[in-house]
Amino acid sequence: MSSQQRNSRRRFLRNAVGTIAAFTIVPRHVLGRGYLAPSDTLTKGVIGVGAMGRGHFEYAGTRTVAICDVDTRHIQLALQALGGGNGVKTFRDYRELINLPEVDIVHIATPPHWHGIMAADAAKAGKDIWCEKPMTRTIGEGKRVLEAVQQHGRIFRLNTWFRFSDNFYGMNTTVKPIKKLVDSGLLGWPLKVTVSRHTGFDWKFYWVGKTDLPTEPVPQELDYEMWLGPAPFKPYSTHRVHTTFRGYWDYDGGGLGDMGQHYLDPIQYFLGKDNDSPIHVSVDAPQQHDDAVGIWNKITYTYADGCQIILDGDGSMTDAAYIEGPKGKLYKGFQCTIPDIERKLAEFPDPAPVTTDFVEAVKGRKKFALNEENGHRSCTIINMGKIALQLGRSLQFDPVQQVFLNDEGANRLINPPMRGPWSI
């Protein structure tokens with residue numbers, strides 16, 4: 001090759017590299033809907049900017065560009081938290097936010113009665129979704145979200161992280177060694193898991209509703225009609241909205257709705273039941289009010305293979321192990337009846353790796369560790385328990401069809417009617 005040819009080739013390569021580099025920084029709206037250059041910062045719209053929503057503005061690799069809330073006080077506080085706004089768009093109707101072309105991710109931090117509709121609508125609008133727990137208020141809504149996310153090719157993250165990081169409440173360890181212990185077979189099978197304050201899990205029974213709510217004037221700053229949305233109309237009362245909404249069946253399910261997915265999702269994971277559901281749920285509880293969530297003593301779930309999850313609400317199971325099997329027990333603080341357990345577990349393989357960085361999941365179009373599939377299954381446990389509590393009876397469940405057996409009343413609560421014009 002001559003000197004002139006070599007110089008020409010070098011110029012060509014330099015120009016080609018420059019052209020490729022230029023393409024990697026072209027804004028995605030120029031390259032077409034859905035394109036995301038690896039170097040881009042993801043843009044985010046947050047729906048619901050109360051305390052929870054405002055706590056999630058900062059996430060590495062993302063930038064908040066739009067917010068939505070039905071309470072103008074929340075909007076004002078959110079703009080302050082965002083340093084005055086700096087061009088952040090504000091809305092009172094979430095539908096305007098999800099249709100913004102500049103939004104990549106929709107973060108849903110509303111009460112749960114809105115989660116299903118908003119997540120499904122966001123998926124249809126081509127947005128990836130970060131949703132607070134519980135995933136949905138009903139089993140039927142969970143199924144619709146799963147279908148919408150997969151039909152539209154979106155990435156979904158449910159915001160409870162204990163299956164893959166952080167100390168798992170009273171166990172004083174991450175879930176990883178618990179998963180290794182269960183997978184090792186050292187405890188035997190089937191297993192019984194007891195979720196109780198004595199094993200390190202508080203059911204927060206202060207999230208109960210009031211049965212004598214006074215009717216109050218709606219505050220000027222609140223669009224109460226939009227706050228209710230698909231929920232049945234009930235006269236406004238301060239205790240019904242914002243921080244205390246969890247005490248009412250129309251919007252959530254008390255401490256079970258608040259903490260259930262944090263506590264139960266890791267159990268589904270370490271039992272290897274991410275694609276399964278219990279076949280039976282029984283409850284020991286006082287008769288529940290039709291509006292206000294009350295307390296309960298026990299909720300027991302049984303799987304087809306005999307595994308059980310017992311939710312101990314009244315704290316009577318003082319000596320219960322967190323996990324009990326025919327060959328051993330695991331107690332609070334990762335105390336095990338099997339001698340030298342840590343050395344023995346070291347001989348077993350670690351759980352399979354999963355994608356736990358949401359930005360990485362979105363950019364690489366990889367399924368997030370806690371997604372629309374396993375999130376729906378762990379949320380279904382919560383919603384099975386809520387239905388059994390509301391009806392005051394034991395229920396049989398078909399994990400494949402995801403319906404109750406021989407119980408029309410229970411099946412009506414899988415897809416309860418929504419107040420018009422809302423639907424999912």
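**View 1. Surroundings of Arg137 in the predicted model.** Leaving aside neighbours within four places in sequence, Arg137 is in contact (heavy atoms within 4.5 Å) with Pro112, His113, Trp249, Asp250, Tyr251, Asp252, Asn383, Lys386 and Pro416. This is a predicted model, in which local features need pLDDT of at least 70 and side-chain atom pairs count only at pLDDT 80 or more, while totals for chains, interfaces and linings use all residues. Residues are numbered from 1 along each chain as its sequence is written, and side-chain values use heavy atoms, with hydrogens and water left out.

**View 2. Polar environment of the Arg137 side chain.** Arg137 is buried (under 20% relative accessible area, 1.4 Å probe, protein chains only) yet has no salt bridge (a side-chain nitrogen of Lys or Arg within 4 Å of a carboxyl oxygen of Asp or Glu), and the nearest side chain of opposite charge, Glu141, is 4.7 Å away. The side chain of Arg137 reaches the backbone oxygen of Trp249 at 2.9 Å, and a polar atom of that side chain lies 3.3 Å from the backbone oxygen of Asp250.

**View 3. Helix H6 and its enclosure.** Eight of the ten residues of H6 (helices are DSSP runs of H or I, at least four residues; strands are E runs, at least two) are buried, so H6 is largely enclosed by the rest of the structure. Among the elements against which these buried residues pack are strand S1 (42–47), helix H5 (94–98) and strand S4 (105–108). Gly126, whose phi is positive, near 85°, follows H6.

How values were computed. Buried means under 20% relative accessible area, exposed over 50%, partly exposed in between (1.4 Å probe, protein chains only). Lys and Arg count as positive and Asp and Glu as negative; His and the chain ends are not counted. A polar contact is a pair of N or O atoms within 3.5 Å; within protein, one must be able to donate a hydrogen and the other to accept it, and residues adjacent in sequence count only if both atoms are side-chain atoms.
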